[in-house]
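The report below is meant to be read alongside the sequence and the coordinates. Please keep both open while following the names.

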Amino acid sequence: MKTPRCAWLPALVGLLAAIRLAADVVGGDETESPDGPTTGGRNAAIRPHGEAMAVWRGLTEGEKLAGWTVDCIEVASDGILRVWVGKPGVRWAAEIRRPGRSPGPPPRSTDEFDLYYGNLQPEDAKLDPAEALAVLDSLAQRIRGTDGGS
Amino acid sequence: MRGPATGAWPTGAVPRALRTLGRLAGSHPLVPWLLAAVYVSIGIGNVLSDTFLNDEGLLAYYFAGMLWDAPFHVFFWQKSRPFLSLLYAPAAAGGLSIFLIAHVVVASFAGPLAAAVARIWDHRYPNLPAVLVLASPLLIAAGPAGVTNADAVVLAVLAVWLAARGQVLPAGFVLGSLFFVRAELTLLVLALAALGLFERRFRRVLVGIVAVPTAYWLLGILFHRDLLWIVRYPPSLTSPNPAIPIFEQMATPGGPGAVGPALLALTPAVGMAVLARWRRLPPMEWSTAAFALGFLLALRWIPFLGAFNFGSSPRYILPALPFVALLASRTFTRWCDAGEPRWSAAWLAGFLVVAHWVDVQSGWPWLLLAVVVWSVLAALASERRPGLAAALGVAATVASVPGLLPATELAVADMHPELASAVAWLQDHPQVARARPVLTNMHLLATYARRTAGAPPIDVRQIVPSDQRFEIAELTNPHVGQRDRILELLDRHYYATPVHPDALQPENLPQGALFVIVDDARLEGVMPTPRWRPHLETLATGSRWRILVLRSRR
C-alpha cells in the first residue's frame, strides 16, 4: 500500500539544511572557539590561554620580532606552541616545546622550553638562519621575562 | 510484493530511452563488473602515484613477503594475519607495486559481490550497492593503500553472499577465517552465528565458523609443539607494555567532529541506510544490518565511554560498507514499492540536528550538504520518482568522492607532510646524505624517497620502535626457532634495514651518521634525550621533523 504524498516534509528539512549551509558560506570562516575568536580560518590559530599566555608575555599578532611580523599564535594539538611570523612572500613558525620531545639540541632554549624554527612557506623560499635565530632569541628573552638574558 | 515503480512519468522517445538506460544501469549483471574495472583502473593509477602510500599497507606487504620466504614460521605467527599473508604471498614476491595492484583487484570484488547479494535479496536496483561500495572514498583509498581493512570488506560480503545463495558451510569457513583477518570482524561472525542458532537452514554456518580456527590450531600444534600455542602466542598483545606511551595516544577517541567525516567517507549514502524500514527486513538482511549498526556504534561511539577502544582511523569502519550500501539500496526498493513514508522526515530532521552540531563543533559542513541531498531524494520519492532519486543519489555519491577523500585520512600528503619536506632537504644536500647511514623513525621514508620522490639511493636504517620489538618478542615462540627466524626475516622485509633498540647507541654508529626524525613519543624509549642530546647537532628542522647529525663521541 502506498503512503500518501508528503514531499513538503523532507523538502522542508532540506530547505532548513540549505539555509544553515548558506549561513556558513555567507558567514565565512569567522567563528568563536572556546578559547576566543580564531583568525586565518577555522582552527588555524587558537589564541593562547593559561600557561601559553604566560609564555608569550603579552605577545600579540601584528607585533614585530627582530624585523618579522607576528602573523598568528597557535597552540597546536600536539602540545607545541607556534608563533607564525612573516614578511611579504615568506612565512615560517617559531616552535616552543617542552624539553625532551626531540633528542637533538635545540637552536635556542630557556630553562623550561626548547625553541625551534621551521614550517617555511612557501617551501622553496629562502630563510637566513641568522634571521630565524634572531627571532628565537627575541622570543627566548620574552619567555625568560628579562630584557637581555642569554 | 512490488508496486509500480513510477508515477506520472513524461512520455516520449527520450524519457523512454532514459528509463531503459536507468533500468539497464540499475540491474544488468555486467554493470558491477564494469564498475569494478573502473575501480581497478583508478586504483592502479593511485598505486603508481603512491597517493595512498601507507605504513600499515607496507606491513601487510612485508608479512606476505615473509610468508613466501618462511611459510611455516610466518603462517603460524598470528600477528602476521596468516590467511591474508598466504593469499598475497605470490603477489608480494613480485614486488610492492604488484602486491598493491593485487590488493586493488581483490578489493574491487566487493562491488560485484554486493550486487549479487542485492540480486538474491530481490532489490529493485541490485547494482546500486555496487556503485555505493566502489565509490566509497574509504575503499577507493584503502585498496591502493594495501591496508587489510579493504580485505575485510571483501571477505565479509563474500561470506554473506555465500550464505544468501544457500552455501552455508562455505560461508561458515569464510567467517571462521575472519578471526585471523581483523579481530573486529568477530562482530559479523557473532551476527551470523546468531542467525545460525535461530534459523535451522543456517545452522551449518556454525560448523564452518568453528572448523577453521580449530584446523588452524591443530595444524599449529605440529609446528609449535605446544597444545596451548594459540593462546600463548596471540595475534596481538593482551595487555600493552606499560613503558610505551603510544597506547595512551591510541586510547584517546576521536572527537565528535570526527564521526561525521568518517561516516560520509564510508559512503555518502549512509543516511539512506537509516531510512530503510528495518522491521520489514528478512532475517539475514536484518542480521547484517544489525552488524553494520552495532559495528559503527562499537567503533565510533563506544570509545567515548572509555569502555572499549579500536583505532580511531576512519578505515576501521570499512567492514560495515557493503551492508550500509545494501541498506541504502533497500530504502530505494521500499520507495519503489510503497513510496516514501512520512517518518523519513523525522529521521532527516534528526540528521539535520547532528549535522548542525558537527558543523559547530568542528567546522565541517559536508554533513549539512548531505542532509540537503538526502532530503531532495526523499522528496522525489514522495513524488513517486524513486528512479530519479536513485539516479541523483548515484550522481551525488560519485561527485562527492574528491571532496571526501581527505576525510579518509589515508592520503600520504595529508597524513605525512613531513616526508616531502625531509626528502626534499636530503635531495638538496646530496653531499650530506651520500655515503653515510640515514637513521629514521619515519616508516615511509625509504619507500617514499626511492619510489615517490625518485631520490638518489640513500642508506636508510629503520629505528625499530620499542613497542614493535616488544610485540615480536611476546608473540613469537622462541622454543621452535620462530622468534629468531622472524627477526632474521625483518632484515629483508621491513621498511628499511632495521636497527633494533638495543643496538642503537651513539658509540655503535659512525660519526656523521644522519638522523631523520619525526616527532613520536615512542622515540624517547629508544633514544633517551639525556643520552643522545650531547651527540647530536641539528642540521634542519620542520614542522614535525628534524634532521640531525652525529658529531662526537663523549
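Is A:Arg108 buried, partly exposed or exposed? With a relative accessible area of 27%, A:Arg108 is partly exposed, where buried means under 20% relative accessible area, exposed over 50% and partly exposed in between (1.4 Å probe, protein chains only). This is a predicted model, in which local features need pLDDT of at least 70 and side-chain atom pairs count only at pLDDT 80 or more, while totals for chains, interfaces and linings use all residues. Residues are numbered from 1 along each chain as its sequence is written, chains are lettered from A and ligands numbered from 1 in the order in which they are written, and side-chain values use heavy atoms, with hydrogens and water left out.

**Salt bridges**

Over all chains the structure holds 16 salt bridges, each being a side-chain nitrogen of Lys or Arg within 4 Å of a carboxyl oxygen of Asp or Glu. Three of them are listed here, including the one made by A:Arg108.

| Pair | Closest N to O distance |
|---|---|
| A:Arg20 and B:Asp359 | 2.9 Å |
| A:Asp137 and A:Arg108 | 2.5 Å |
| B:Arg485 and B:Glu488 | 2.8 Å |

A:Arg20 belongs to helix H1 (residues 8-27) of chain A and B:Asp359 to helix H20 (residues 343-362) of chain B, so this pair joins two chains; helices (H or I, at least four residues) and strands (E, at least two) are DSSP runs, numbered from the N terminus. Both partners are buried, A:Arg20 with a relative accessible area of 19% and B:Asp359 at 1%.

The pair of A:Asp137 in helix H3 and A:Arg108 in strand E7 (residues 108-109), both of chain A, ties together parts that are 29 residues apart in sequence, and A:Asp137 is partly exposed, at 29%. B:Arg485 and B:Glu488, by contrast, are 3 residues apart in helix H28 (residues 482-490) of chain B, and are therefore separated by about one helical turn; B:Glu488 counts as partly exposed at 42%.

**Helix H3 of chain A**

The 16 residues of H3(A) (residues 129-144) should span 22 Å at 1.5 Å a residue, the expected span being 1.5 Å times one less than the number of residues, and the end C-alpha atoms are indeed 22 Å apart. Among its buried residues are A:Ala132, A:Leu136, A:Leu139 and A:Ile143. Seen down the helix axis, the buried residues of H3(A) fall within an arc of 160°, so they line one face of the helix, the arc being that of the directions from the axis to the C-beta atoms.

**Nonpolar cores**

A nonpolar core is a set of buried Ala, Val, Leu, Ile, Met, Phe, Trp, Tyr and Cys residues joined through side-chain atoms within 4.5 Å. The largest has 178 residues, and B:Phe332 and B:Trp335 are among those with the most contacts inside it. Helix H10 (residues 148-164) of chain B gives the most to this core, with 11 residues. Apart from it lies another core, of 22 residues, which includes A:Leu65 and A:Ile143.

**Helix H26 of chain B**

In helix H26 (residues 445-452) of chain B, the residues B:Leu445, B:Ala446, B:Thr447, B:Tyr448 and B:Ala449 are buried. What covers the buried residues of H26(B) includes helix H6 (96-108), H24 and strand E1 (437-440) of chain B. H24 (residues 417-428) also holds B:Ser421, which is buried with a relative accessible area of 15%.

Conventions: Contact means heavy atoms within 4.5 Å.
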